[in-house]
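Me: I have a structure to look at and would like to understand the words people use for it. Could you go through some of them with me?

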Amino acid sequence: MAAKPEYGNCVSKRLIYLSGFVGFVFLGLGILFWVLVIPAVPFLLVSVYFLYARHQFSPQGGNVQDRIWKLVLANLDWNGEGKALDIGCGNSALTIKLAQKYTKAHVTGIDYWGKNWEYSKNTCERNAEIEGVSERVTFQKASAVSLPFDDGYFDAAVSNFVFHMVGYSKDKRELIREALRVVKKGGKFSFQDEFLIKQLFGDIDDLIETIKSWGISNVKFVQTRDADFIPQALKLPFILGNIGLIRGEK
C-alpha cells in the first residue's frame with residue numbers, strides 16, 4: 001500500500017478526550033451525588049461537538065480543512081515564478097499544495113513545532129517526499145515574530161490560522177507586518193486567520209487601512225467564513241466564525 005501524507009486535523013483529539021473524560025467523571029460521581037450529573041452533560045456535549053467538528057475537517061467527513069487551505073491559494077494572485085513562503089506550515093499541507101500548484105516555484109515552510117502541537121519538521125519532509133515535491137520544498141524552524149529572511153526575499157507569502165496563535169506577540173498586527181517585510185515589492189500574499197476577532201486584530205476596516213499605511217499597494221479583505229462548504233455548526237466563534245482572508249500585492 002502506498003504511503004499517505006499525514007497532515008493532521010486542526011481539531012485535536014485531546015479536546016475530545018479531555019472534555020469526554022471530565023464528563024464521564026462527573027457522570028460516575030453522579031451515582032453518589034446525583035447533582036454532579038448536571039455538569040456532566042455540558043462536558044459530554046462539548047466532547048460530541050468536537051468529535052463532529054474533527055470529522056467534518058477530515059477527508060473522511062466534510063473535508064473542510066482541505067477546502068480551507070485551498071481558499072488561501074485561490075486568493076493568491078501569483079504567476080508562480082520564484083520563491084514562496086508558508087508561515088506556520090504545521091504538517092506542511094499548505095506548503096505542499098502551493099508547490100503542487102506552482103511547479104516552477106521553490107517553497108519554504110517555517111514553523112516553531114512546539115511540544116503542544118501534533119506537527120513536526122520530520123513529518124513535513126516525509127509528506128513532501130510522498131507528494132513528490134521534496135526537491136522544491138524546504139522546511140526550517142523559525143518564529144513568525146522574527147522571520148530569518150532579508151527584506152523582500154520572497155515573491156509570494158501565505159499563511160493559514162497562525163497569527164492569532166502566536167502567544168509571544170502582543171500586537172498581532174505586527175505579525176502581518178513582519179510577514180509582509182519579507183515579500184518583495186510587487187510580490188503577492190494571501191493570509192487567512194481569525195481576523196474578525198477585534199480583541200486581537202482590531203476593527204477589520206482599521207486593520208486594512210493600517211496595512212495600506214505600511215506602503216502596501218493593494219490589499220483586500222475576504223470574509224471566508226461565509227464559504228458555502230462550511231457547515232453552520234462550524235461557524236461558532238471558537239471554530240470558524242471569525243475567519244477571514246487578507247490578500248493583495250505589496
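Me: Why is Lys184 called partly exposed?

Reply: Happy to help! Keep in mind that this is a predicted model. Lys184 has a relative accessibility of 37%. Buried means under 20% and exposed means over 50%, so at 37% Lys184 counts as partly exposed.

Me: What makes Lys184 and Asp155 a salt bridge?

Reply: Their side chains meet at 2.7 Å, N to O. The cut-off for a salt bridge is 4 Å, so the pair of Asp155 and Lys184 at 2.7 Å qualifies. Asp155 lies in strand 4 (residues 154-160) and Lys184 in strand 5 (residues 183-193), so the bridge ties together parts that are 29 residues apart in sequence.

Me: Is Asp155 buried or exposed, and how do you know?

Reply: Asp155 has 11% relative accessibility. Buried means under 20%, so Asp155 counts as buried.

Me: How many salt bridges are there by this rule?

Reply: The count comes to nine. One of them joins the side chains of Arg126 and Glu6, at 3.9 Å, N to O. The rule asks for a distance within 4 Å, so 3.9 Å passes.

Me: Why can we say that the pair of Arg126 and Glu6 ties parts together?

Reply: Arg126 is in helix 5 (residues 121-131), while Glu6 is in the segment before helix 1 (13-29), so the parts they tie together are 120 residues apart in sequence. Arg126 has 39% relative accessibility and counts as partly exposed. Glu6, at 45%, also counts as partly exposed.

Me: What makes Glu209 and Lys212 a salt bridge, and where do they lie?

Reply: Their side chains meet at 3.7 Å, N to O, and the limit is 4 Å, so this pair is a salt bridge. Both residues lie in helix 8 (residues 204-213), three residues apart, which is about one turn of the helix. Glu209 is partly exposed at 47%, and Lys212 is partly exposed at 39%.

Me: Which residues are linked with Lys97 in a network of salt bridges?

Reply: Lys97 is linked with Asp66 and Lys70 in such a network.

Me: How do you know that Asp86 has no salt bridge?

Reply: Look at the nearest side chain of opposite charge, which is Lys97, 11 Å away. A salt bridge needs a distance within 4 Å, so Asp86 has none, although Asp86 is buried. Asp86 is part of strand 1 (residues 82-87).

Me: What makes the pair of Asp86 and Thr95 a polar contact?

Reply: The side chains of Asp86 and Thr95 are 2.6 Å apart in this contact. The cut-off is 3.5 Å, so 2.6 Å falls within the limit.

Me: What makes the phi of Ser92 worth a look?

Reply: Ser92 has a phi near 85 degrees, a positive value in a residue other than glycine. Most residues other than glycine have a negative phi. Ser92 sits in the loop between strand 1 and helix 4. With a relative accessible area of 0%, which is under 20%, Ser92 is buried.

Me: Where is Phe161, and why is Phe161 called partly exposed?

Reply: Phe161 is in the loop between strand 4 and helix 6 (172-181). Its relative accessible area is 23%, and the partly exposed class runs between 20% and 50%, so Phe161 belongs there. Phe161 is not a glycine, yet its phi is positive, at about 55 degrees.

Me: Why is Asp77 called exposed?

Reply: Asp77 has a relative accessible area of 60%. Exposed means over 50%, so the word fits Asp77. Asp77 is in the loop between helix 3 and strand 1.

Me: And how do you know whether Phe57 is buried or exposed?

Reply: Phe57 has 3% relative accessibility, and buried means under 20%, so Phe57 counts as buried. Phe57 lies in helix 2 (residues 37-57). Its C-alpha atom is 6.8 Å from that of Asn9, although the two are 48 residues apart along the chain.

Methods: Residues are numbered from 1 along each chain as its sequence is written. This is a predicted model: local features need pLDDT of at least 70, side-chain atom pairs count only at pLDDT 80 or more; totals for chains, interfaces and linings use all residues. Side-chain values use heavy atoms; hydrogens and water are left out. Helices (H or I, at least four residues) and strands (E, at least two) are DSSP runs, numbered from the N terminus. Buried means under 20% relative accessible area, exposed over 50%, partly exposed in between (1.4 Å probe, protein chains only). Lys and Arg count as positive and Asp and Glu as negative; His and the chain ends are not counted. A polar contact is a pair of N or O atoms within 3.5 Å; within protein, one must be able to donate a hydrogen and the other to accept it, and residues adjacent in sequence count only if both atoms are side-chain atoms.
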